[in-house]
Amino acid sequence: MKRKTMIQSLPNPRNFIQPQANVFQPSSPTSTPPLAASNAPCCGELAAPADSCCGATEPTSISAKPEAKTSHADNRESLPIAIIGAGPIGLAAAANLIQRDQDFILLEAGQRIAASIWEWRHVRLFTPWFYLIDPASKRILQADHSWQAPDDNEVPFAKELVERYLDPLAANERIASRLKLNHQVTTISRDGHDRMKDGNRNEAPFLIVADTPDGPRRFYARAVIDASGTWNTPNPMGAGGIEADGEQQFQDHIRYGMPDVLDRERDRYAGKRVLVVGSGHSATGAVLSLVELANEAPETMIAWAVRRTNPAKLWGGGQADEIEARGALGTRVKAAVDDGRATLLTGLSIGAISEHPDGLEVFDVHGVSQVIVDEIIVATGARPNLNMLRELRLELDAATQATKALGPLIDPNQHSCGTVPPHGAKELTHPERGFYLAGMKSYGRAPTFLMRTGYEQVRSIAAELSGDHEAARKVELTLPSTGVCSTDLVNQERGDSCEITSSCETNVSIETSNRCEANG
């Protein structure tokens, strides 16, 4: 259809329909009287094309794309792969794509790479360097002879992880030239297709919208690896996965995650009554830091609230844990509870917080007062931000919100021994072809993620996107045993006598699918 320009006579003309817009033209207008013959062009003041006149019949068109616009679908394969998140897993994805000569863009919401880890840079990891460095990233760094590889057996602080490994990797020109900081992704969709529309969905490129200091920007990609993590969407402190009554009201006294109680935030907690909520490694670390703070500020008082009634899992595998530092966490925190330096409140499901003349009063779900404190640290894990993926067709596990095929392999309600079978692109596939969740976000709400797992994920995904399907399917992973079996602990919760014994190590290929059985 030839584009026609519609001019409206208005008393006070204002900008409205632009000349380049495609305006619907009825093929047989009934309300317009025929024009009288004259020497003027048949379309009035405007000259018509030689093959057209005002009375000629033309096909109608609604919302046709301007002919000058280039369709991204026409050159989809030439578009880059988009990586969301420049943390350890996102940077590892970039390194693996570089090794396979694949183009990519790397979008990071923060002002620096690894922005989430930088928030808890004061924390010593329990995993040694051997498990923290991605093989493809290591090859890239070693090509730059100025990089000094750390000792495999050393256990670093998070700050060292960033400064000694991630910062040098991100500074590599092949990554730095594709890295875009301060790009908060708000939506990922298919170009021209909302969640409902089929059309040519799998042939359409991905459309990514990001908020930037200069306003929203759009990017097109042939595939997406979402490695944005879960740090910025922490779980609330209330029971049942919802906020406790008053949780929003008293945000000034609530801190999520792992605050730096010994340095940057020392004044906030020194000499205060502090409640730590949660039963994972983050909560354990917070309790131990507060115990250390109390050695310097004796008026500091520590309460630790957990929902479980049996604290056995809090103590971990101890000497049976193949990661020494992780096993030591449980041993140390048990000693702190045993000698009264921290008070453990078991079976506590928090329902509400209210103001008290002497601080904040915390109630259980039955409305019974449990403790009065000055500050609360909520270390109850995190959940994935799925709002940015609302226009994509995903299959997620009902319990964990992990990728559907991965969910049963990592669900702490089901699997034993803290082990996870190797998995890669095949297990991380969604109905939205070319889209992958990787890293912590692929685990949804499950708390058992280790960095080495994410590295193997993105190695497999990069191989799949490069067309090397054989390499993508061959996934191998060796993870250290936790030294504690979930099924043993379930038996203890039920009152059965079951000794916690050392569990087996995960070291299988996906073809064999060997599962670690509980020892007990």
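The chain's secondary structure adds up to 12 helices and 18 strands, in what is a predicted model. Of the 520 residues in the chain, 47% come out as buried. The accessible surface totals about 26200 Å², and carbon and sulfur atoms own 48% of that area. As for how the chain touches itself, take the contacts with a separation of 6 or more: 68% of them are between residues 24 or more positions apart.

On to the charged side chains. Searching the whole structure turns up 21 salt bridges. One of them pairs Asp167 with Arg112, with N and O sitting 2.6 Å from each other. Asp167 belongs to helix 4 (residues 158–171), while Arg112 is in the loop between strand 2 (104–107) and helix 2 (115–119), so this salt bridge ties together parts of the chain that are 55 residues apart in sequence. Neither partner makes it into the buried class, because the cut-off for that is under 20% relative accessible area. Asp167 is partly exposed at 26% relative accessibility, and Arg112 is partly exposed too, with a relative accessible area of 24%.

Helix 4 also has a salt bridge with both ends inside it. Here Arg164 meets Glu160, at an N to O distance of 3.9 Å. With a cut-off of 4 Å for a salt bridge, the pair still counts, because 3.9 Å falls within that limit. The two residues are 4 positions apart in helix 4, which means that about one helical turn separates Arg164 from Glu160. Arg164 has 30% relative accessibility and is partly exposed; Glu160, at 22%, is partly exposed as well.

A further salt bridge links Arg255 and Glu265, whose closest N and O atoms are 3.0 Å apart. Arg255 lies in strand 8 (residues 254–256), and Glu265 is found in the loop between strand 8 and helix 6 (266–269), so the parts tied together here are 10 residues apart in sequence. What about the cover around Glu265? At 16% relative accessibility, Glu265 counts as buried, because the value is under the 20% limit.

Back to Glu160 and Arg164, which are not just a stand-alone pair. Through salt bridges that share partners, Glu154, Glu160 and Arg164 are joined into one network.

Technical notes
Residues are numbered from 1 along each chain as its sequence is written. This is a predicted model: local features need pLDDT of at least 70, side-chain atom pairs count only at pLDDT 80 or more; totals for chains, interfaces and linings use all residues. Side-chain values use heavy atoms; hydrogens and water are left out. Buried means under 20% relative accessible area, exposed over 50%, partly exposed in between (1.4 Å probe, protein chains only). Contact means heavy atoms within 4.5 Å. Accessible areas come from the Shrake-Rupley method with a 1.4 Å probe; for residues, only the protein chains shown count as cover.
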